[in-house]
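Thank you all for making the time this morning. I would like to walk through one chain with you, going from the confidence values to the domains, then to the central sheet and a few individual residues.

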Amino acid sequence: MFSRILTQKSTGSCWANIERLRGVLAKADAVVVGAGAGLSASAGFTYSGRRFEENFGDFIEKYGIRDMYSGGFFPFGSPEEYWAWWSRHIAVNRYTRPPKPVYDDLLKLVKDREYFVLTTNVDHQFQLAGFDKRRLFYTQGDYGLWQCSAPCHQKTYDNEETVRRMVSEQRDMRVPAELVPHCPKCGRPMTMNLRCDNTFVEDTGWHAAAERYIQFLRRHRGLRVVFLELGVGGNTPAIIKYPFWKMTGENSAATYVCVNFNEAFAPDGIRARSICIEGDIGELLLATGDLHG
Ligand SMILES: [Zn+2]
């Protein structure tokens, strides 16, 4: 159960950390999960290698694109080609379950507790795994939603039906012209509802989720809260990592948990109430929950 990957990446105190984690979870009044890209990577959602080559072989051959991430910035010559790429990207990363059951295992660990999830991931895998959507806040958007590129109005649109048609009807890396999406109000091109710059649309669903998150934190203020940070990198620390540090610092009953493949650490002020574990998140969840044994 306690895999080689986890032990290799960890210090000798790893078992002790897992025992501590079990202990604080057992006594917790609430668990606030903060999830970053490392969680989906642990579930097998890698942007390069076989998964990329199997789905984008023609784009690799024609343009030499090296992975799904950089391909998202490629200056395709036409909207038909742009949407051939993006519809595949969305289908593979938003409407498909990942290879490993890491999200399912996380759900088993929190589902009978008071929990809330704050995530920068836009692949919607929490909902696909069965997490309660009223306990989720996707701060950075969702591959499954489109918005006006201007934007001329603050609304988002579900793209599943069109994306599936784009994938099945595209030929030679081009979708049919009639599937290229335009804003129903102003006619400009539609774009993904992702926070890349200040054109990101925060629709009513986004604001409702933000409010539920604030209320959840308020209800558990001063209680035994576990801030469980999973796979949060250094790119956007202001969304999950820094607030988790701050809230742990302000609540002497709280515990900060940082699980990351590399660089799991906590600042001095909260170190005594922190559990930092370097290793694979999926392996850690198995070891913590005894989920399959
Ligand atoms: Zn518009």
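Let me begin with a question about confidence: over residues 1-5, where pLDDT stays under 50, how many contacts beyond four places in sequence does the model have? For residues 1-5 the number is nine, and a second stretch with pLDDT under 50, residues 7-12, has eight contacts beyond four places in sequence. Please keep in mind throughout that this is a predicted model, although the mean pLDDT of the chain is 93, and 94% of its residues reach 70 or more.

Turning to the overall layout, the chain is divided into two domains, with domain 1 made up of 4-43, 99-140 and 202-289, and domain 2 made up of 50-96 and 143-194. The C-alpha centres of the two domains lie 31 Å apart, and the contact between them involves six residues of domain 1 and eight residues of domain 2. On the domain 1 side of that contact, the classes are one nonpolar, two polar and three charged residues.

Now to the sheet. It is an open sheet of six strands with parallel pairing, and the order across it reads E3-E2-E1-E7-E8-E9. The edges are taken by strand E3, residues 136-138, and strand E9, residues 274-278, and because each has a single partner strand, one side of each is left without a neighbour in the sheet. On average, and ignoring direction, neighbouring strands of this sheet are turned by 15 degrees against each other.

Strand E2, residues 115-119, deserves a closer look, since I can describe its pairing on either hand. With E1 it runs parallel, joined by five bridges, and with E3 it pairs in the parallel sense over three bridges. Threonine 119 can be followed through both pairings: it stands opposite alanine 35, and its bridge partner in E3 is tyrosine 138.

How many of the five residues of E2 are buried? Five of the five are, so the strand is largely enclosed by the rest of the structure. As a general point, in a regular strand the side chains alternate between the two faces of the sheet. In E2 both faces are covered, with Tyr115, Val117 and Thr119 buried on one side and Phe116 and Leu118 buried on the other.

As for the helices that pack on these strands, H2 lies across E1, E7, E8 and E9, and runs at about 130 degrees to E9. Helix H10, residues 204-219, lies across E2 and E3, and runs at about 130 degrees to E3. Helix H12, residues 281-289, has eight of its nine residues buried, so it too is largely enclosed by the rest of the structure; among those buried residues are Ile281, Glu283 and Leu286.

Let me move to single positions, starting with aspartate 29, which sits in the loop between helix H2 and strand E1. Is aspartate 29 buried or partly exposed? It counts as partly exposed, because 15 other C-beta atoms lie within 10 Å. Leaving aside residues up to four places away in sequence, aspartate 29 touches Glu114, His220, Leu223, Arg224 and Val225. Its separation from glutamate 283, C-alpha to C-alpha, is 25 Å in space, and the two are 254 residues apart in sequence.

Lysine 133, in the loop between helix H8 and E3, is likewise partly exposed, with 13 other C-beta atoms within 10 Å. Its C-alpha atom is separated by 8.9 Å from that of alanine 209, which is 76 residues away along the chain.

Finally, some backbone geometry. Most residues other than glycine have a negative phi, and most peptide bonds are trans. Histidine 124, in the loop between E2 and H8, has a positive phi of about 65 degrees, and it is buried, with 20 other C-beta atoms within 10 Å. Methionine 173, in the loop between helix H9 and strand E6, also has a positive phi, near 60 degrees, but it counts as partly exposed, with 19 C-beta neighbours inside 10 Å. The last item is the cis peptide bond that joins alanine 150 and proline 151, where omega is about -10 degrees; proline 151 is found in the loop between strand E4 and strand E5.

Notes. Residues numbered from 1 in each chain as written. Predicted model: local features only at pLDDT ≥ 70, side-chain atom pairs only at ≥ 80, totals over all residues. Domains from an automatic or database assignment. Contact = placed C-beta atoms within 7 Å. Nonpolar A, V, L, I, M, F, W, Y, C, P; charged D, E, K, R; others polar. Helix = DSSP H or I, 4+ residues; strand = E, 2+ residues; numbered from the N terminus. Buried ≥ 20, exposed ≤ 12 C-beta atoms within 10 Å, placed from the backbone. pLDDT = per-residue confidence, 0-100. Pairing = 2+ DSSP bridges. Axes fitted to C-alpha atoms, helices over the stretch in contact; angles between N-to-C directions.
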